[in-house]
Amino acid sequence: VTDELAEAAKARLPRAVWDFAAGGAGAEHTLAANRAAFDRVTLVPRILAGTVPDPATRLLGTGMTMPVAVAPIAYLRMYHPDGDLAVVAAARRAGVPFTAAMLGSHAIEDVRPDWFQLYWPHDRGLMLDLVRRAEQAGCSALVVTVDMPVMARRDRDVRNRFTLPDGVTAANLVPAGRARDGGTVAAHTNALFDPAVSWADLDWLRSRTDLPIALKGVLDPRDATRALAAGADALVVSNHGGRQLDGAVPAIAALPGIREAVGERAQILLDSGVRGGLDVVRALALGADGVLIGRPLVWGLSVGGTDGAAHVLGSLRDELCEVMALTGCATVRDARALSTVRT
Ligand SMILES: Cc1cc2nc3c(=O)[nH]c(=O)nc-3n(C[C@H](O)[C@H](O)[C@H](O)COP(=O)(O)O)c2cc1C
């Protein structure tokens, strides 16, 4: 489904917008490696389980129909006029959490997301203001992205001199006067972000909010244990969909080491290459509690707005239930106990 949907989205979107969403950093080695690594993970099915699958679970304290949440994605209005509003409606329909991006193109007060994603702007007052707005908008967790001290060079965007289409802005930053005002997306992002963010900054953030914090972009087990010591509640094992360090380890390959390091002290989410229900079970079997879904929702949104995004989540759930049935898993917990063989 995803390949066809991606083709349909590509046919609809302006070339530069497609390149921004589909592309990765550098020579796109990590973008490709994410998929290749998933496809090397084979599952060892269990038999005669005598049950019907129910993938319902809880992540970051939020109940959901399956171990899947919507990944934070900037500027969703580039793909459909309804942007975040369309995807949050699809997420509600599917019973999964929606993560609004700090660089979202609709204001958090209009989206009322389940979770809110933060980057590290130079202006910490702006960051705290966003935390308060997230709290007031009813968000139940923060997803704090730490793999973007600088925005990686993305050759497609450089070639296209990529700027945001008219009418698309970083809506959450508008009152603060930090929405984009001409110039490339890369230039705006790099001017906004603090490249020297450190563990001390995480301590600072931890001391200023009671919301659970999921640290997104963890790939080294040493950072995973340090993050928990610093008060992070959960980890998102991710290489940003191959959009940051080209040559980074595939997230699915880094996952077992991180689970081993943290044990059951924290929930672990994974993204970067999840394309279907099989990948969800692969991630669970390798130690994840759940996954974030990114680009497939961009394609669904591009092709069909809320219905398109809801179709992606509905198909994912159908596939997930089928894979769980075929592996003899009644629950997410059973899937986490599956064995894998790397081929
Ligand atoms: C177009 C696009 C925009 C993104 N914007 C953000 C963002 O604003 N904040 C963030 O933490 N991650 C962002 N990401 C990364 C996603 O949250 C997620 O890590 C990534 O999409 C996973 O890779 P996959 O979509 O290939 O599975 C973005 C990804 C894409 C494709």
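This section describes the ligand site and selected local features of a predicted model.

The ligand occupies the largest pocket of the protein. Its surroundings comprise 22 residues, of which P72, T145, D271, R275 and R295 come nearest. When this shell is divided by class, nine residues are nonpolar, eight are polar and five are charged. Polar contacts to the ligand involve both backbone and side-chain atoms. On the backbone side, a polar atom of A74 is placed 3.1 Å from a nitrogen atom of the ligand, and a polar atom of G273 is found 2.9 Å from a ligand oxygen atom. R295, already listed among the nearest residues, contributes through its side chain, a polar atom of which is 2.6 Å from an oxygen atom of the ligand. The ligand taken alone exposes 610 Å², and 99% of this area is buried by the protein.

The loop between strand 10 (267–270) and helix 12 (277–285) contains S272. Because its relative accessibility is 5%, below the 20% limit, S272 is classed as buried. Its side chain takes part in two polar contacts with backbone nitrogens: a polar side-chain atom of S272 is 3.1 Å from the backbone nitrogen of N239, and the side chain also reaches the backbone nitrogen of H240 at 3.5 Å. Helix 12, at the far end of this loop, is mostly covered, with eight of its nine residues buried. The buried set consists of G277, D279, V280, V281, R282, A283, L284 and A285, and thus includes the charged residues D279 and R282. After helix 12 comes G287, which has a positive phi near 120°.

Two further helices each hold a buried residue considered here. T189 belongs to helix 8 (residues 185–192). With a relative accessible area of 2%, T189 falls under the 20% cut-off and is therefore buried. A polar atom of its side chain lies 2.7 Å from the backbone oxygen of V185, a residue of the same helix, since helix 8 spans residues 185–192. In an α-helix, with 3.6 residues a turn, residues three or four places apart point the same way. A21 is located in helix 2 (residues 15–22). The relative accessible area of A21 is 7%, so this residue is likewise assigned to the buried class. Between A21 and K10, which are 11 residues apart in sequence, the C-alpha to C-alpha distance is 10.0 Å.

G63 forms part of strand 3 (residues 62–64). Its relative accessibility of 44% lies between the limits of 20% and 50%, and G63 therefore counts as partly exposed. The C-alpha atom of G63 is separated by 8.5 Å from that of G95, a residue 32 positions away along the chain.

Positive phi values also occur at two residues that are not glycines. E28, in the loop between helix 2 and helix 3 (29–39), has a phi of about 65°. The relative accessible area of E28 is 19%, and this residue is buried because the value is under 20%. The second case is R112, with a phi of about 45°. R112 is situated in the loop between helix 5 (108–111) and strand 6 (115–118). In contrast to the buried E28, R112 is partly exposed, with a relative accessible area of 44%.

Conventions: Residues are numbered from 1 along each chain as its sequence is written. This is a predicted model: local features need pLDDT of at least 70, side-chain atom pairs count only at pLDDT 80 or more; totals for chains, interfaces and linings use all residues. Side-chain values use heavy atoms; hydrogens and water are left out. A residue is near a molecule or strand if one of its heavy atoms lies within 4 Å of it. A polar contact is a pair of N or O atoms within 3.5 Å; within protein, one must be able to donate a hydrogen and the other to accept it, and residues adjacent in sequence count only if both atoms are side-chain atoms. Accessible areas come from the Shrake-Rupley method with a 1.4 Å probe; for residues, only the protein chains shown count as cover. On a 1 Å grid over the protein atoms alone, a cavity is a set of points where a 1.4 Å probe fits but cannot get out, and a pocket is an open set with protein on both sides within 12 Å along at least five of seven lines; lining residues have an atom within 4 Å of a point. A molecule sits in a cavity or pocket if more than half of its atoms lie within 2 Å of its grid points. Helices (H or I, at least four residues) and strands (E, at least two) are DSSP runs, numbered from the N terminus. Buried means under 20% relative accessible area, exposed over 50%, partly exposed in between (1.4 Å probe, protein chains only).
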